[in-house]
Amino acid sequence: MSEQTAGRPTLASIAAAAGVSLPTVSKVVNGKTDVAPATRQRVLALLDQYDYVPVARRAVPEPESPLVDVVFTALDSPWAVELLRGITESGLEIVVDSLAARPQDGDWVRSLIAGGRRGAIVVTSRITAADQRRLGRSHLPVVVIDPVDMPGPDVPSVGATNWSGGMAATEHLVELGHRRIAVIGGPEDYLCSRARIDGYRAALDRAGIPADPALVRHGNFHHDGGYERARELLELPDPPTAVFAGSDEQAFGVLEAARQAGLSVPGDLSVVGFDDLPMARWSSPPLTTVRQPLADMGRMAGRMLLDLVSGRELTSQRVELATSLVPRASTARRP
């Protein structure tokens, strides 16, 4: 094969090895869905085996404004909009991708490479070992925002001080005299969720309040998760007088559950969120929350990726921006 002498495989050689047509291989490389699953998997395996890198990625001139992908697990939250606002202010041109909108066997890394992108910002997603190998072979830089788990030492990431934010939210409720304080975190395997709950536990321990496992629940960071977990908490024989929800959206679900239970906020139940989304100040009552600097996180990730694309070394692989408590009318002294 001619590509063997050049040391680089071509789509034609991949097609020949897979026993399929060249257009079929092209469809797989470009993320098209009209390819049989078995054929797609065979072609993807050969692309990996031959370390195929699209021609568009082999000699790409440096653009004045690099075009990069911003990859979300799902675009289903105003939280994502705040991050995007910051990313767009960093000097990058972006293409937004949602893994939830892809077919089950969709390969975002291969689409990223095939599209000639200069890099990617990945939001609240896992980067697998296979993803890292493909990105490394293609020399594509990636920055992760709010990683689901601790990224490898070579993967730059941007997050917030989730532990201290969880501690500040809980200390605020303790200072108001609450002792039955519940927490509704996000998914149990999310790094940010575990850190916020650890901060909650640390604040209780500092105040000499025994942590009650019945008051620790896990939602999904969305309204329905907060609503369902709050209903469970309010039906306990000894319900909480305060709830720290792991996100503003979950806090809005707690407010709805309290209303349906005939409870007033904050008269009967104090509620604290996390994020400080724009609608937190417009809720009824306005929501006490922990401000997570989402737009700043987006800007920081964008600048880090811009440095990497430009060949500049980062001063730090892991950046955490400070959180801060924003008291509003959803919290009050314990009844």
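## Opening question and basis

Is Arg312 buried or partly exposed? Arg312 is partly exposed, since its relative accessible area is 43%, which is neither under 20% nor over 50%. The structure discussed here is a predicted model.

## The parallel sheet

One open sheet contains 6 strands, arranged in the order 2-1-3-4-5-11 with parallel pairing. Its edges are formed by strand 2, residues 93-98, and by strand 11, residues 318-321, each of which pairs on one side only. From one strand to the next, the twist averages 20°. Strands of a sheet pair through backbone hydrogen bonds.

Within this sheet, strand 1 (residues 67-72) and strand 3 (residues 120-123) run parallel and are joined by 4 bridges. Asp69 has Ala120, in strand 3, as its bridge partner. Helix 12, which spans residues 294-309, packs on the sheet. The strands touched by helix 12 are strand 1, strand 3, strand 4 (142-145), strand 5 (157-160) and strand 11. The direction of helix 12 makes about 165° with that of strand 4.

## The mixed sheet

A further open sheet of 6 strands follows the order 7-6-8-9-10-12, and its pairing is mixed. Strand 7 (216-218) and strand 12 (324-326) are the edge strands, each pairing on one side only. The twist in this sheet averages 20° from one strand to the next.

Strand 9 pairs with strand 10 (residues 288-291) in the parallel sense, over 4 bridges. In strand 10, Arg291 is the bridge partner of Asp275. Helix 8, residues 162-175, packs on this sheet and touches strand 6 (181-185), strand 8, strand 9, strand 10 and strand 12. Relative to the direction of strand 9, that of helix 8 lies at about 165°.

## Aromatic pairing and its surroundings

Across the whole structure, 2 aromatic pairs are found. One of them is formed by Phe244 and Phe274, with ring centres 6.4 Å apart and ring planes at 45°, so the pair is classed as tilted. The pair links distant parts of the chain: Phe244 belongs to strand 8 (residues 242-245) and Phe274 to strand 9 (residues 270-275), with their positions 30 residues apart in sequence.

Phe244 has a relative accessible area of 0% and is therefore buried. Phe274 also counts as buried, because its relative accessibility is 0%. The ring of Phe274 takes part in a further arrangement: the charged end of Arg196 sits over this ring, 3.8 Å from its centre.

Ser247 is another residue in contact with Phe274. Ser247 is found in the loop between strand 8 and helix 11 (248-260). With a relative accessible area of 3%, Ser247 is buried. When residues up to four places away in sequence are not counted, Ser247 touches Phe221, Gly273, Phe274 and Asp275. Asp275 is the residue whose bridge partner in strand 10 is Arg291.

## Salt bridges

Side chains of opposite charge can pair when their charged atoms come close. The count for this model comes to 13 salt bridges. Among them is the salt bridge of Arg217 with Glu232, in which the closest N and O atoms are 2.9 Å apart. Arg217 lies in strand 7 and Glu232 in helix 10 (residues 223-234), so this salt bridge ties together parts that are 15 residues apart in sequence. Arg217 counts as buried because its relative accessibility is 18%, under the 20% cut-off. Glu232 has a relative accessible area of 32% and is partly exposed.

Glu232 also forms a salt bridge with Arg229, for which the closest N and O atoms are 2.9 Å apart. Glu232 and Arg229 both belong to helix 10 and are separated by 3 residues, about one turn of the helix. Arg312, the subject of the opening question, forms a salt bridge with Asp307, again with a closest N and O separation of 2.9 Å. Asp307 counts as partly exposed, at 24% relative accessibility. Elsewhere, Glu89, Asp296 and Arg299 are joined into one network by salt bridges that share partners.

Notes. Residues are numbered from 1 along each chain as its sequence is written. This is a predicted model: local features need pLDDT of at least 70, side-chain atom pairs count only at pLDDT 80 or more; totals for chains, interfaces and linings use all residues. Side-chain values use heavy atoms; hydrogens and water are left out. Two strands pair if DSSP finds at least two bridges between them. Helices (H or I, at least four residues) and strands (E, at least two) are DSSP runs, numbered from the N terminus. Axes are lines fitted to C-alpha atoms, for helices over the stretch in contact, and angles run from 0 to 180 degrees between N-to-C directions. Contact means heavy atoms within 4.5 Å. Rings of Phe, Tyr and Trp (its six-membered ring) pair if their centres lie within 6.5 Å; planes under 30 degrees apart count as stacked, over 60 as edge-to-face and the rest as tilted. Buried means under 20% relative accessible area, exposed over 50%, partly exposed in between (1.4 Å probe, protein chains only). A charge sits over a ring if NZ of Lys or CZ of Arg is within 6 Å of the ring centre and within 35 degrees of the ring normal. A salt bridge is a side-chain nitrogen of Lys or Arg within 4 Å of a carboxyl oxygen of Asp or Glu.
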